[in-house]
Amino acid sequence: MAVAVAVAVPMLGACGIRGTDVIEAGGPASFQAFLNRDTDMLLFFRAPDGSLAPVIRTVESSTEFGDGYSESGSGDAGEDPIPTEKVVLALLSGPRTEDRAAGLTSTLPTPRLGTTIKLDRSRNDRIKADLPIALAPLDTTAVRQLTCTIAYSEEADGRLAVELAGQDGTSKSGTCGLDPDREPKSTQTQ
(Lines give C-alpha, C1' and ligand atoms only; values in the text may rest on other atoms or scores of the structure.)
Protein backbone atom coordinates (compact mmCIF):
# COMPACT_ATOMS: atom_id res chain seq x y z
CA MET A 1 0.00 0.00 0.00
CA ALA A 2 2.87 2.36 0.84
CA VAL A 3 4.36 1.77 -2.62
CA ALA A 4 1.02 2.65 -4.29
CA VAL A 5 0.83 5.95 -2.40
CA ALA A 6 4.46 6.74 -3.21
CA VAL A 7 3.78 6.18 -6.93
CA ALA A 8 0.42 8.03 -6.94
CA VAL A 9 1.67 11.26 -5.35
CA PRO A 10 4.08 12.19 -8.17
CA MET A 11 1.43 11.29 -10.74
CA LEU A 12 -1.13 13.59 -9.13
CA GLY A 13 1.38 16.42 -9.22
CA ALA A 14 1.70 16.04 -12.96
CA CYS A 15 -1.97 16.03 -13.85
CA GLY A 16 -1.77 19.20 -15.92
CA ILE A 17 -2.62 21.72 -13.19
CA ARG A 18 -0.08 24.47 -13.20
CA GLY A 19 0.97 26.20 -9.99
CA THR A 20 0.37 29.93 -9.69
CA ASP A 21 2.58 32.69 -8.39
CA VAL A 22 1.68 34.88 -5.45
CA ILE A 23 -0.33 37.84 -6.69
CA GLU A 24 0.24 41.13 -4.89
CA ALA A 25 -3.02 42.93 -4.21
CA GLY A 26 -1.73 46.03 -2.44
CA GLY A 27 -1.81 46.90 1.25
CA PRO A 28 -4.41 45.94 3.78
CA ALA A 29 -7.87 47.48 3.53
CA SER A 30 -8.35 50.62 5.58
CA PHE A 31 -11.34 52.28 7.14
CA GLN A 32 -11.10 55.08 4.57
CA ALA A 33 -12.25 52.64 1.90
CA PHE A 34 -15.61 52.46 3.66
CA LEU A 35 -15.98 56.08 4.86
CA ASN A 36 -18.41 58.40 3.09
CA ARG A 37 -17.38 61.84 4.34
CA ASP A 38 -20.83 63.26 3.55
CA THR A 39 -22.74 60.85 5.78
CA ASP A 40 -20.19 59.19 8.08
CA MET A 41 -18.29 60.21 11.18
CA LEU A 42 -14.99 58.61 12.08
CA LEU A 43 -14.46 58.39 15.84
CA PHE A 44 -11.46 56.92 17.64
CA PHE A 45 -11.89 54.96 20.87
CA ARG A 46 -9.47 53.05 23.08
CA ALA A 47 -9.07 49.38 22.13
CA PRO A 48 -8.48 46.73 24.81
CA ASP A 49 -4.73 46.73 24.05
CA GLY A 50 -4.52 50.52 24.59
CA SER A 51 -4.26 51.44 20.91
CA LEU A 52 -6.79 53.51 18.98
CA ALA A 53 -9.66 51.83 17.17
CA PRO A 54 -11.65 53.67 14.46
CA VAL A 55 -15.44 53.51 14.58
CA ILE A 56 -17.54 54.68 11.63
CA ARG A 57 -20.97 56.09 12.45
CA THR A 58 -23.45 56.94 9.74
CA VAL A 59 -25.59 60.01 10.23
CA GLU A 60 -29.23 59.46 9.35
CA SER A 61 -31.23 62.13 7.57
CA SER A 62 -32.36 64.29 10.45
CA THR A 63 -32.19 67.92 11.43
CA GLU A 64 -31.37 66.99 15.01
CA PHE A 65 -28.02 65.74 16.22
CA GLY A 66 -27.66 63.32 19.09
CA ASP A 67 -30.03 60.44 18.42
CA GLY A 68 -29.85 61.26 14.70
CA TYR A 69 -26.82 59.12 14.07
CA SER A 70 -26.21 55.42 14.10
CA GLU A 71 -23.51 52.92 13.26
CA SER A 72 -25.26 51.32 10.33
CA GLY A 73 -27.73 52.08 7.62
CA SER A 74 -27.54 54.80 5.08
CA GLY A 75 -28.93 58.22 5.14
CA ASP A 76 -28.66 61.47 3.30
CA ALA A 77 -27.27 63.97 5.77
CA GLY A 78 -26.77 66.59 3.08
CA GLU A 79 -24.13 67.53 0.58
CA ASP A 80 -21.59 68.91 3.06
CA PRO A 81 -19.38 66.80 5.28
CA ILE A 82 -20.53 66.47 8.87
CA PRO A 83 -19.19 69.43 10.88
CA THR A 84 -16.15 68.55 12.96
CA GLU A 85 -17.75 70.18 16.00
CA LYS A 86 -20.55 67.60 15.89
CA VAL A 87 -18.08 64.77 15.34
CA VAL A 88 -16.12 65.79 18.45
CA LEU A 89 -19.33 66.03 20.51
CA ALA A 90 -20.18 62.49 19.39
CA LEU A 91 -16.72 61.34 20.50
CA LEU A 92 -17.14 63.04 23.87
CA SER A 93 -20.50 61.29 24.28
CA GLY A 94 -18.45 58.10 24.52
CA PRO A 95 -18.70 54.64 23.03
CA ARG A 96 -22.11 53.15 22.40
CA THR A 97 -23.32 49.82 23.79
CA GLU A 98 -22.06 48.00 20.70
CA ASP A 99 -18.66 49.67 21.00
CA ARG A 100 -18.35 48.72 24.67
CA ALA A 101 -19.36 45.14 23.83
CA ALA A 102 -16.39 45.07 21.42
CA GLY A 103 -14.13 46.22 24.26
CA LEU A 104 -13.84 49.85 23.20
CA THR A 105 -13.64 52.49 25.93
CA SER A 106 -12.83 56.14 26.47
CA THR A 107 -11.54 58.15 29.41
CA LEU A 108 -12.66 61.43 27.87
CA PRO A 109 -15.05 63.34 30.12
CA THR A 110 -18.61 63.95 28.95
CA PRO A 111 -19.24 67.70 28.58
CA ARG A 112 -22.29 69.41 29.99
CA LEU A 113 -25.29 69.78 27.70
CA GLY A 114 -25.23 72.90 25.58
CA THR A 115 -21.45 73.20 25.50
CA THR A 116 -19.79 74.04 22.23
CA ILE A 117 -16.54 73.41 20.46
CA LYS A 118 -14.92 76.25 18.56
CA LEU A 119 -12.55 75.56 15.69
CA ASP A 120 -10.03 77.96 14.20
CA ARG A 121 -9.08 76.99 10.64
CA SER A 122 -7.19 80.20 9.85
CA ARG A 123 -3.91 78.37 9.16
CA ASN A 124 -3.77 75.83 6.33
CA ASP A 125 -1.37 73.47 8.07
CA ARG A 126 -3.18 73.13 11.40
CA ILE A 127 -6.49 73.48 13.18
CA LYS A 128 -7.09 74.77 16.69
CA ALA A 129 -9.92 73.31 18.75
CA ASP A 130 -11.21 75.06 21.88
CA LEU A 131 -12.74 72.24 23.93
CA PRO A 132 -15.25 72.32 26.79
CA ILE A 133 -13.10 69.97 28.90
CA ALA A 134 -9.89 70.14 30.94
CA LEU A 135 -6.89 68.69 29.10
CA ALA A 136 -4.37 68.41 31.96
CA PRO A 137 -5.84 65.20 33.48
CA LEU A 138 -6.11 63.39 30.12
CA ASP A 139 -3.74 60.53 29.35
CA THR A 140 -1.91 60.21 26.03
CA THR A 141 -4.52 57.89 24.50
CA ALA A 142 -7.39 60.28 25.32
CA VAL A 143 -5.48 63.16 23.70
CA ARG A 144 -4.83 60.98 20.64
CA GLN A 145 -8.56 60.13 20.46
CA LEU A 146 -9.32 63.84 20.15
CA THR A 147 -6.41 64.55 17.79
CA CYS A 148 -7.20 61.70 15.39
CA THR A 149 -10.96 62.32 15.40
CA ILE A 150 -10.45 66.01 14.57
CA ALA A 151 -7.70 65.39 11.99
CA TYR A 152 -9.69 62.77 10.07
CA SER A 153 -12.86 64.83 10.25
CA GLU A 154 -11.08 67.77 8.66
CA GLU A 155 -8.94 65.95 6.09
CA ALA A 156 -9.37 62.53 4.47
CA ASP A 157 -5.74 61.56 5.12
CA GLY A 158 -5.76 62.70 8.77
CA ARG A 159 -2.35 64.37 8.46
CA LEU A 160 -3.43 67.79 9.69
CA ALA A 161 -1.71 69.12 12.82
CA VAL A 162 -4.21 69.64 15.64
CA GLU A 163 -3.88 72.07 18.52
CA LEU A 164 -6.16 71.33 21.46
CA ALA A 165 -7.01 74.06 23.99
CA GLY A 166 -8.78 72.99 27.17
CA GLN A 167 -10.96 75.02 29.47
CA ASP A 168 -8.26 74.64 32.14
CA GLY A 169 -5.76 76.69 30.10
CA THR A 170 -3.77 73.62 29.03
CA SER A 171 -2.94 73.16 25.37
CA LYS A 172 -1.52 70.18 23.53
CA SER A 173 -0.70 69.81 19.89
CA GLY A 174 0.33 67.04 17.58
CA THR A 175 -0.61 64.86 14.66
CA CYS A 176 -2.55 61.63 14.65
CA GLY A 177 0.14 59.22 13.50
CA LEU A 178 -2.13 56.17 13.98
CA ASP A 179 0.87 54.16 15.18
CA PRO A 180 -0.10 52.99 18.68
CA ASP A 181 3.54 52.18 19.50
CA ARG A 182 4.70 55.71 18.80
CA GLU A 183 3.73 58.64 21.00
CA PRO A 184 2.56 61.74 19.13
CA LYS A 185 4.58 64.93 19.35
CA SER A 186 3.03 66.85 22.21
CA THR A 187 3.59 70.13 23.95
CA GLN A 188 1.96 71.36 27.12
CA THR A 189 1.51 74.90 28.36
CA GLN A 190 -0.28 76.09 31.43
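A polar contact is a pair of N or O atoms within 3.5 Å; within protein, one must be able to donate a hydrogen and the other to accept it, and residues adjacent in sequence count only if both atoms are side-chain atoms. That term returns in the third view.

**View 1. The whole chain of a predicted model, with its confidence.** This is a predicted model in which local features need pLDDT of at least 70 and side-chain atom pairs count only at pLDDT 80 or more, while totals for chains, interfaces and linings use all residues. Residues are numbered from 1 along each chain as its sequence is written, and side-chain values use heavy atoms, with hydrogens and water left out. The pLDDT (the predictor's confidence in each residue, from 0 to 100) averages 76 over the chain, and 66% of the residues score at least 70. The chain holds 4 helices and 7 strands, taken as DSSP runs (helices H or I, at least four residues; strands E, at least two) and numbered from the N terminus. Their order from the N terminus is α-β-β-β-α-α-β-β-α-β-β. Among these elements, strand 3 (residues 69–70) has the lowest mean pLDDT, 40, and strand 6 (residues 161–165) the highest, 97.

**View 2. Two stretches where pLDDT stays under 50.** Look at residues 2–13 and you will find 0 contacts beyond four places in sequence, a contact being heavy atoms within 4.5 Å. Residues 179–190 also stay under 50, and for them the model has 23 such contacts beyond four places in sequence.

**View 3. The hairpin of strand 1 and strand 2.** Strand 1 (residues 40–46) and strand 2 run antiparallel and are joined by 7 bridges; two strands pair if DSSP finds at least two bridges between them. Five residues lie between the two strands of this hairpin, and G50 in the turn has a positive phi of about 95 degrees. F44 sits opposite P54 in strand 2. Strand 2 (residues 52–59) is largely enclosed by the rest of the structure, because 6 of its 8 residues are buried (under 20% relative accessible area; exposed is over 50%, partly exposed in between; 1.4 Å probe, protein chains only). T58 belongs to strand 2 and, at 9% relative accessibility, counts as buried. The side chains of T58 and D40 share a polar contact of 2.8 Å. T58 and D38 are 20 residues apart in sequence, with 9.2 Å from C-alpha to C-alpha.

**View 4. Strand 5 alongside strand 6.** Here the pairing is parallel, with 5 bridges joining strand 5 (residues 126–130) to strand 6. D130 has A165 in strand 6 as its bridge partner. Of the 5 residues of strand 6, 4 are buried, so this strand is largely enclosed by the rest of the structure.

**View 5. The disulfide of C148 and C176.** A search of the whole structure finds 1 disulfide, defined as a pair of cysteine sulfur atoms within 2.5 Å. Its sulfur atoms, from C148 and C176, are 1.9 Å apart. The pair links distant parts of the chain, with C148 in helix 4 (residues 140–154) and C176 in the segment after strand 7 (171–174), 28 residues apart. The torsion about the S-S bond of C148 and C176 is about 100 degrees, so the disulfide is right-handed. Both C148 and C176 are buried.

**View 6. Burial and contacts across the chain.** Stepping back, 37% of the 190 residues count as buried. Among contacts between residues at least 6 apart in sequence, 58% join residues at least 24 apart.
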